[in-house]
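Dear colleague,

Please find below the structure I am passing on to you. A summary of what was found in it follows.

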Amino acid sequence: VVVGSPPFINGKVFVHGVVQEVPRDKAELDHGLGQVELSEVYGCCAKVTSNDSTPAQKNEDEECPDKTTTTTSSNNSINSLVFSPTVIGTMPQFTQNQSLRTLQSAVEAWKGGSGTWPQMSLSQRISAIESFIANLQQKRREIIKVLMWEIGKNYKDAEAEFDRTIQFIQKTISYIHTPTKLYSSRAAIGIIMCLGPYNYPLNETYATLIPALLMGNIVILKVPTVGGLVHLLTMEAFAKSLPKGTVQLISGSGRTTMPPLMESGKIDGLAFIGGSRAADRLIKAHPEPHRLKLFLQLEAKNMGIYLPDLFEDGMDGGNSGDWNNIMGETIAGTLSYNGQRCTALKLLFVPKSHSEEFATILAKKVETLSVGLPWELHDSNDRSKAKYSQITPLPNLSRVSYMKELIADAIEKGASIINQRGGDIVGGPESTLMVPAVLHPVTPNMRIYEEEQFGPIIPIAPYNSLEDDVIPYARDGKYGQQVSIFTSAVKSNALTTAKLIDRFSTIFGKININ
């Protein structure tokens, strides 16, 4: 087992283009911020000690584990570990007044559209963002490590998040340069408030922040309460690349810091990725919500629908051509990054006569997944073939508690955990490393049937007919992000599939096939 040294990120603020480290002695900061409180940030991948006589191996590279220095481990070894919380940084906690002072800096930078950044040409802004990319890439190693320790993203996924973010920025710039026969003129809106999620704190947040900047807007970035340390590592890159006041960062309680900004009426656009209730509260706080420009990416309860034709020739243990692909897609759809994705499959509808067999086979597939810490390699003595942990710690104990609530409710109402050790917490009472749970049969009276779990639970709901059970769930539900339909590639009832696609096209934004 590899135990890399945890990172430690000192709390910083970034207002009016100036990065200031927050002193622990509560000395006053510049630009009217005064004294800023700090709170400790605990890593979900806490310090690990062995509760047996075998000493844990130490990582050769204490700064950041990677594929060349990480040793292999097994699920048996992780079972003998005890997790204990460790502080990996401090986060500034803004007050309402400090948030409003930050807003004033943004107002001065916007200057009614006459500020330095909005008045720069598009080519000048692109050059500045390209400079930002170059400066940000110098922090790649640190950011990857923080993503692992704070939110439990495995090494390859953390690496991919950083690299995809850079690629997104480059492709956005490339798209702007793409010639078109249409005449188009892009103009800034004003002050944009960006609130990103904890699960993809860099990639998803920058998907709204970067386009807003390129068009000449001034941006206030609300650092997420969980997964926020990576943003502290970006401050110097912004400071070196952009005019003062172009980007401001606010950290601390969203319920404390965000409402006063919205109530001021000076926020022109809201880019929000998170839960609908929080989004609704912010929108309602604006004095002129009809004028507020919105980009919202909210929660979902995405269905996976398995059509009857799949089962005509049996499941063959889930290993035949069609089933091997379908089970692979099901595992990826439900449990990639522990199911903590808005696009994840969150409720599987399976024909009632086949649901028990389906649940049993899926459970066996889930049992083969490697459970461990983000930097651990598994299942091979050949380092080049080893894979990083597929199931990693959840970000905090509150997420674990919610998973337990949903599982307990389902069991009380008739469901069972099908896979071995499903729902178990590995590493002691303070651990957040949870073995995925396959639940069957899930019925409409259970919370998991309606609530988004956003975690490693796979609920399987048996259905009698598409018309009576599946289509009403889609039609009457409050979510419409996407749906996945699984059908036989050989014996597909094309008409049934086509009709489903036609009916779902007015409900869902995206329809996936197999």
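**The largest pocket and its surroundings**

Helix H11 supplies the largest share of the lining of the largest pocket, namely five residues. Please bear in mind that this is a predicted model.

The volume of the largest pocket is about 1700 Å³. Several elements give two or more residues to its lining: helix H7 (203-214), helix H10 (254-263), strand S13 (269-273), helix H11 (276-285) and helix H14 (397-412). In total, 45 residues line the largest pocket, and those lying nearest its centre are Phe272, Ile273, Gly274, Gly275 and Ala278. By class, the lining of this pocket comprises 19 nonpolar, 13 polar and 13 charged residues.

**Helix H7 and its partners**

Helix H7, one of the elements that contribute to the pocket lining, also packs against other helices. Two packed helices are described by the angle between their axes and the distance between the axes.

The first partner to consider is helix H6 (residues 155-177), whose axis comes within 10 Å of that of H7 and crosses it at roughly 25°. Because angles under 35 degrees count as roughly parallel, H6 is roughly parallel to H7. The crossing of H6 with H7 is right-handed. On the H6 side, the contact involves Glu161, Arg164, Thr165, Phe168, Ile169, Thr172, Ile173 and Ile176, while H7 offers Asn203, Tyr206, Ala207, Ile210, Pro211 and Leu214. The residues of this contact between H6 and H7 are nine nonpolar, three polar and two charged.

Helix H4 (residues 122-137) is another partner; the axes of H4 and H7 come within 9 Å and cross at roughly 140°. Here Leu122, Arg125, Ile126, Ile129, Phe132 and Leu136 of H4 meet Tyr206, Ile210, Leu213 and Leu214 of H7. The contact of H4 with H7 has nine nonpolar residues, no polar residues and one charged residue. Tyr206, Ile210 and Leu214 of H7 thus appear in the contact with H6 and also in the contact with H4.

**The enclosed space**

How many cavities of 30 Å³ or more does the structure hold? There is one. The largest cavity contains about 30 Å³ of space. Its lining is made up of Phe14, Gly17, Phe238, Leu242, Pro243, Lys244, Gly245, Thr246 and Val247. Of the residues lining the largest cavity, five are nonpolar, three are polar and one is charged.

Yours sincerely

Note on methods: Residues numbered from 1 in each chain as written. Predicted model: local features only at pLDDT ≥ 70, side-chain atom pairs only at ≥ 80, totals over all residues. Heavy atoms only, no water. 1 Å grid on protein atoms, 1.4 Å probe; cavity = no way out; pocket = protein on both sides within 12 Å on 5 of 7 lines; lining within 4 Å. Points joined across faces, edges and corners; volume = space filled by probe spheres on them. Helix = DSSP H or I, 4+ residues; strand = E, 2+ residues; numbered from the N terminus. Nonpolar A, V, L, I, M, F, W, Y, C, P; charged D, E, K, R; others polar. Axes fitted to C-alpha atoms, helices over the stretch in contact; angles between N-to-C directions. Parallel < 35°, antiparallel > 145°, perpendicular 65-115°, else oblique. Left-handed = near helix turned anticlockwise from the far one by under 90°. Contact = heavy atoms within 4.5 Å.
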